[in-house]
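Dear colleague,

I am passing on the structure we spoke about, together with some notes on what turned up in it. Please look through the sequence and the model first, and then read on.

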Amino acid sequence: MKITLSVIKADIGGFVGHSSVHPEVLNRVKEVALEAKDNGLIKDVSVIVCGDDIALVMTHTKGLDSSEVHEVAWNAFKEGTEVAKKLKMYGAGQDLLTDAFSGNVKGMGPGVAEMEFEERKSEPVIVFFADKTSPSAWNLPLYEMFADPMNTAGLVIDPSMHDGFIFEVLDVYSGMSIKLSTPEELYDLMVFIGATSRYCVRSVFRKKDGEIGASASTQKLSLTAGRYVGKDDPVLIVRCQSGFPAVGEALEPFARPWFVEGWMRGSHTGPLMPVSFAQAKPTRFDGPPRVIAAGYQICNGNLIGPVDLFDDPAFDQARTDASHMANYLRRQGIFEPHRLPPEEMEYTTLPKVLEKLKDRFQLVDTGKPKFTTEGEVAE
Ligand code: F6R
Ligand code: MG
Ligand code: MG
């Protein structure tokens, strides 16, 4: 059976501040989602939370970009927002940028990751869900899962993975994407995906047969809204086993934390900490950024799960390492590289402060070519 797995997420209000979700808000979202299931609009749904974000994990047979399915998520978030407003939750309805649904949640605030596939004899999938970071946070782990034999032994050992995988990379500013084939174009791939402020991996396909292996949400909220609203807090779907990375190979990159952009005010670099569902409530300096892993077996379109995959003492060391990394960075305070570089700060609330001061700049004779504060050559 061909099924579609659609994961749609939004921040519709934080409890307290930007740290988690109030149970009544979550219950309302679940109620609306389950009504849609009862009405046959979707086959199954599971609602998961990371920090102040809620994701609807839905199965159905309506294909990618189905307006009916997107509307299910939109209505659930709308109804949840009503409760969030009633309780005066922080930033109630924050990610819902328009009032009326117009066919597809993309461009309306929520983040979306979707894939369509023929359900295998057994279909294990992982939905990764992060808070206080952006979609490019998935670049490094996707490279390790699907292109690095030092992480994924299957690339060497399993004949169906041995040909490699194709990565689709998106330039989030131009909206253009490029497909690159690994291992032969690995170095070209790294040119782009190492530049995490601009490029993010959108999807990954198995080269042998074109089967989809991973799909990520790539919506950049500030570009959609035209102003800083909050961080993008992305989701990622990864199919596992039998010709895809084993569950353990998909989880392994997270055992060695790395730095991502986000954290406080979406303006900092910080370690991505893999946590259990219960620990996905970032509070220290509004972070550090968190990621959960929700495992499902899909059975005739039903979601059996989730299993809380980072709820494993084997990830305790990663959590400790991430805390050490956080300590080092916090020492830098508002100084780079803890604070993001100026190009990235453009998409935060800082430009408002700069605007106030812009007329106070004066040209200084440095004896070198002169540039305006916008970086253009001065007259
Ligand atoms: C980061 C985030 C928080 C807020 C911070 C300030 O993605 O959501 O760190 O940016 O708490 O929030 P405001 O400006 O709403 O007071
Ligand atoms: Mg928030
Ligand atoms: Mg969030």
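**Binding-site positions from the record**

In an unreviewed entry, UniProt lists D52, D53, D131 and D233 under the feature "binding site". These positions span 182 residues in sequence, yet no two of their C-alpha atoms are more than 9.3 Å apart, so they gather at one spot. Please keep in mind, here and below, that this is a predicted model.

Two of these positions can be described in some detail. D52 is found in the loop between β2 and β3, and it is buried, because 32 other C-beta atoms lie within 10 Å, where 20 or more are enough for a residue to count as buried. Leaving aside its neighbours within four places in sequence, D52 is in contact with D11, G14, H18, S19, S20, V21 and D131. D53, for its part, has its place in strand β3, and with 29 C-beta neighbours inside 10 Å it also counts as buried. When residues up to four places away in sequence are not counted, D53 touches K9, A10, D11, D131 and D233, and D131 and D233 are themselves listed by UniProt under "binding site".

A further "binding site" feature, again from an unreviewed UniProt entry, is placed at D11, H18, D52 and Q94. These residues span 84 residues in sequence, but no two of their C-alpha atoms are more than 10.8 Å apart, so they too gather at one spot. Within this group, H18 sits in the loop between β1 and α1 and is buried, with 25 other C-beta atoms within 10 Å. Apart from its neighbours within four places in sequence, H18 is in contact with D52, Y90 and D286.

**The surroundings of ligand 1**

The residues around ligand 1 are G17, H18, K132, G230, K231, M264, R265, G266 and D286, so that H18 appears both in this shell and among the positions that UniProt marks as a "binding site". Sorted by class, the shell has 1 nonpolar, 4 polar and 4 charged residues.

**The four-stranded sheet and its helices**

Strands β1 and β3, which came up above, belong to an open sheet of 4 strands, in which the order is β2-β3-β1-β4 and the pairing is antiparallel. Its edge strands are β2, covering 44-50, and β4, covering 111-118, each of which pairs on one side only, and from one strand to the next the twist averages 15°. Strand β1 (residues 2-10) is joined by 7 bridges to strand β3 (residues 53-60), the two running antiparallel, and in this pairing L5 stands opposite T59 in β3.

Two helices lie across this sheet. Helix α1 (residues 23-38) lies across β2 and β3 and runs at about 160° to β2, whereas helix α2 (residues 67-86) lies across β1 and β3 and runs at about 150° to β3.

**Backbone details that may merit a look**

The model has a cis peptide bond between F15 and V16, with omega at about -10°, and V16 lies in the loop between β1 and α1, where H18 also has its place. Another peptide bond, from G305 to P306, is cis with omega near 5°, and P306 is found in strand β15 (residues 302-308).

There are also residues with a positive phi that are not glycines. K88, in the loop between α2 and β4, has a phi of about 50° and is exposed, with 8 other C-beta atoms within 10 Å. W263, in the loop between β11 (259-262) and β12 (268-271), has a phi of about 55°, but W263 is buried, with 29 other C-beta atoms within 10 Å.

**One residue further along the chain**

Finally, R239 has its place in strand β10 (residues 235-239) and is buried, with 25 other C-beta atoms within 10 Å. Residues up to four places away in sequence not counted, R239 touches V125, G213 and F244, and its C-alpha atom is separated by 9.2 Å from that of S215, which is 24 residues apart from R239 along the chain.

With best wishes

Key
Residues numbered from 1 in each chain as written. Chains lettered and ligands numbered in written order. Predicted model: local features only at pLDDT ≥ 70, side-chain atom pairs only at ≥ 80, totals over all residues. Pairing = 2+ DSSP bridges. Axes fitted to C-alpha atoms, helices over the stretch in contact; angles between N-to-C directions. Contact = placed C-beta atoms within 7 Å. Near = placed C-beta within 6 Å. Nonpolar A, V, L, I, M, F, W, Y, C, P; charged D, E, K, R; others polar. UniProt positions renumbered as here; feature names shortened; annotations may be inferred. Buried ≥ 20, exposed ≤ 12 C-beta atoms within 10 Å, placed from the backbone.
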